[in-house]
Amino acid sequence: MCDYVIELILLGGLVLSALWAVLSPRLLRSVLALALASIMVTLLLFRLRSPLAGVFELSVCAGLISAVFLSVISMTQPDTETSVNKENRERLRRYWYLPVILVLVGLALCRLELPNFPLAEEIGGSVRDVLWNVRQLDLLGQIVILLAGAFGVVVLFKEWRNER
Amino acid sequence: MSGELLSFYIAGIALTLISGAYYVVVTTSLVRTIIGLELVTKGVTLAIILAGHLTGRVGLAQSLVITLIVVEVVVMVVAVGLVLSAYKQNGSVDTRLLRNVKG
Amino acid sequence: MLPLLVLAPLVGLIILNLPIKAFNRTLFAVVGLVLALGQIALVWANPPGFLELSSPGGLVLGLVEDNLARIMLVAIGMALAAAIVVGHETIKEESRQRSFINLILVSMMGMNGTVLLTDLFSLYVFIEITGVASFIMIALHRGKDAIEGAFKYLILSAVAGALMLLGVAFFLLTAGATDFSSVSGALAEGAPHPGIARVAMGVFICGLFVKGGMVPFHGWLPAAYSTAPSGVSVMLAGIATKVSGVYALIRVVRFVFAQDPAVSQILLILGILSIVVGALAALGQTDLKRMLAYSSISQVGYIILAVGCGTEVAMAGAVFHLFNHAVFKSLLFSNSAAVEQQLGTTDMDQMGGLGTKMPITSLTATIALLSTAGIPPLSGFWSKLIIVAALWHAGLHGYAVIAVLSSLLTLAYFLGMERRAFFGKVTPAVANVREANLVLLAPAVLLALVTIGLGLCFPYLAESFMVLGRDRLW
């Protein structure tokens, strides 16, 4: 158990951040918790021999997405900042199931008897090889979806700024 | 990787997924729905990389995750655009006010 | 030739978006139309073949072009052509029309990619592309209802995507790769860890169920179809949901999962549920588009039922019904667009005696509705006949009976609607409408001719739909 203290801390941190994100009544705290969860995931990815994916996750999820959320919150300011007491109690009533479910499921899963996996050798080429040579269609897909996103921004955002 | 650690990983992934899914279903704010979606995506990312780590196909798993992140970002941006348009129309991001369209 | 189908729209997209003043909205529509119709022509002219793109590393990418893909490509071309024409006539604002065509081209790329690929993860990527294009298009006019419909669709689609990815993760664990042949290998007889592979399969398929709008995961569908602008509904209902959900299901269940018995059983149950629930729900609708949406759910149920049955004949019936459904749903939504444009509403309570005022629209709508209900000699009759016959032959008598009864139910509500809306007394709202203009009518008329033609010529064309079961290209 002492071998993988780091992983345990990171996994625990991930679950706690997720829980915080869900339960927090303040939206800003929620977004912060999401960013924290992203950082946990990034570090876990590093531990799982996936540094490139980790860096991507960090810059995009912890960075870009948090920035987007923060701007959304600022643009919908009057509505999302209210946290009246009555609403808090109502929230709690709806949300208290979650920690219970999590604890039960977590305990059940942690007790699973799983076989030991020896550290598998890295096969199948490095990320650069794979991405450029094998998964070219995915790259094409990425380009297309970014285009779609650009059109989406045009349709959804363009006049909004003017009308505002 | 020892079996015990693996079970902890699986527990972590499952709990993240459950939290995210619960959030999506239960919340009354459009913005929070998107946060829930992001949590689910994190769980899935971790699952794919874990699978890659266990089988040694680290390069493939990372390529999948990179593509996945790009796709998810675009989906999220569109979602945010819709939320902002909804806010402009309704003055609120409360989902309870959006029960107009049945089904 | 094959990558052309995915790259051509991309090139078109780039050209159309160059900042040249002379490009007006009609040019956009024409280019889109050329690409869509060109796709149909391309498939017609080329014999089937398997294209391999080999890469420096010696690994092989697969793009496949078997009969299933060819039929889908033709259907995609047709539905998109109809959507482009309808969009051109109903979306008058310049910049919106341009965005519309741009997004149609994106969805064309997404759908072409989906039907041509041989990799589970790439399937996910291209399905998401189609999805993103759809969400944006639904919210094109940024009306209150449309945004809600688009958001519901988005959330459910994203959750479904996550399910598919979980399946991919499990497959990665057992198969070591995500392309179809590796995954089939992992599910085959002697493979290690069959349990995990089966779980993966189940999870992946659940994701596809949500994307395809099958009961009980159909919650987003009526909202999305009815709140979308007319041209978008044509595309959405006509082909996008079919490709994302149903085609993917056919491809995966048949070719990759080798018609696993547990999966087949689930498909049979979900299929029959979809048929019945869709038909019953459609009865109670007063809005034309919502009724058509529930009717779609019902028809997709027939396709899933046939896929669950699994015999060669059943598969042929399923694909034929898929094609037919693309034709008559595009047709019906084109009609709905015409009615909406002339009448200003899609509320069926306000429609009466449309037949006298909009004769061509009513005629083509009637043809489509009869085809949906399975009346000979229209194409819908043949596809339903094949499906029911296949079910009977396979010993699934109960399912066959329910399918036939539901078909009668479909006929009942369609005739009821026909009588009220088209042939009844002329209501005040209808008194001043005229027939829609020629351009808007063109897709409706052409699609109606396709339905009639296919129905009459079916005995000669049966071959093209039948060779599905025997193709296994990897």
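**Chain A and its interface with chain C**

In chain A of this predicted model, 59% of the contacts between residues at least 6 apart in sequence join residues at least 24 apart.

User: Which elements, from the N terminus on, make up chain A?
Analyst: Chain A holds zero strands, and its helices number eight. Read from the N terminus on, the order of elements is therefore, under the DSSP-based assignment, a run of helices, written for chain A as α-α-α-α-α-α-α-α.

User: What percentage of the residues in chain A is buried?
Analyst: The accessible surface of chain A comes to about 9100 Å², and carbon and sulfur atoms account for 67% of that surface. Taking buried to mean under 20% relative accessible area, the share among the 164 residues of chain A is 43%.

User: How many salt bridges does the rule find across the interface of chain C and chain A?
Analyst: The contact involves 33 residues of chain C and 22 residues of chain A, and of the roughly delimited buried area, about 2300 Å², carbon and sulfur atoms give 72%. Polar contact between the two chains, counted where both residues are at pLDDT 80 or more, amounts to one residue pair. For salt bridges across this interface, the number found is zero.

User: Which helix of chain C gives the most to the side that touches chain A?
Analyst: By class, that side of chain C has 20 nonpolar, eight polar and five charged residues. Helix 1 (2-16), strand 2 (60-63), helix 4 (94-116) and helix 5 (120-138) of chain C each supply at least two of its residues. The most, eight residues, comes from helix 5 of chain C.

Notes: Residues are numbered from 1 along each chain as its sequence is written. Chains are lettered from A and ligands numbered from 1 in the order in which they are written. This is a predicted model: local features need pLDDT of at least 70, side-chain atom pairs count only at pLDDT 80 or more; totals for chains, interfaces and linings use all residues. Side-chain values use heavy atoms; hydrogens and water are left out. Contact means heavy atoms within 4.5 Å. Buried area is the accessible area (1.4 Å probe) that two parts lose on being put together, summed over both. A salt bridge is a side-chain nitrogen of Lys or Arg within 4 Å of a carboxyl oxygen of Asp or Glu. A polar contact is a pair of N or O atoms within 3.5 Å; within protein, one must be able to donate a hydrogen and the other to accept it, and residues adjacent in sequence count only if both atoms are side-chain atoms. Helices (H or I, at least four residues) and strands (E, at least two) are DSSP runs, numbered from the N terminus. Ala, Val, Leu, Ile, Met, Phe, Trp, Tyr, Cys and Pro count as nonpolar, Asp, Glu, Lys and Arg as charged, and the others, Gly among them, as polar. Buried means under 20% relative accessible area, exposed over 50%, partly exposed in between (1.4 Å probe, protein chains only). Accessible areas come from the Shrake-Rupley method with a 1.4 Å probe; for residues, only the protein chains shown count as cover.
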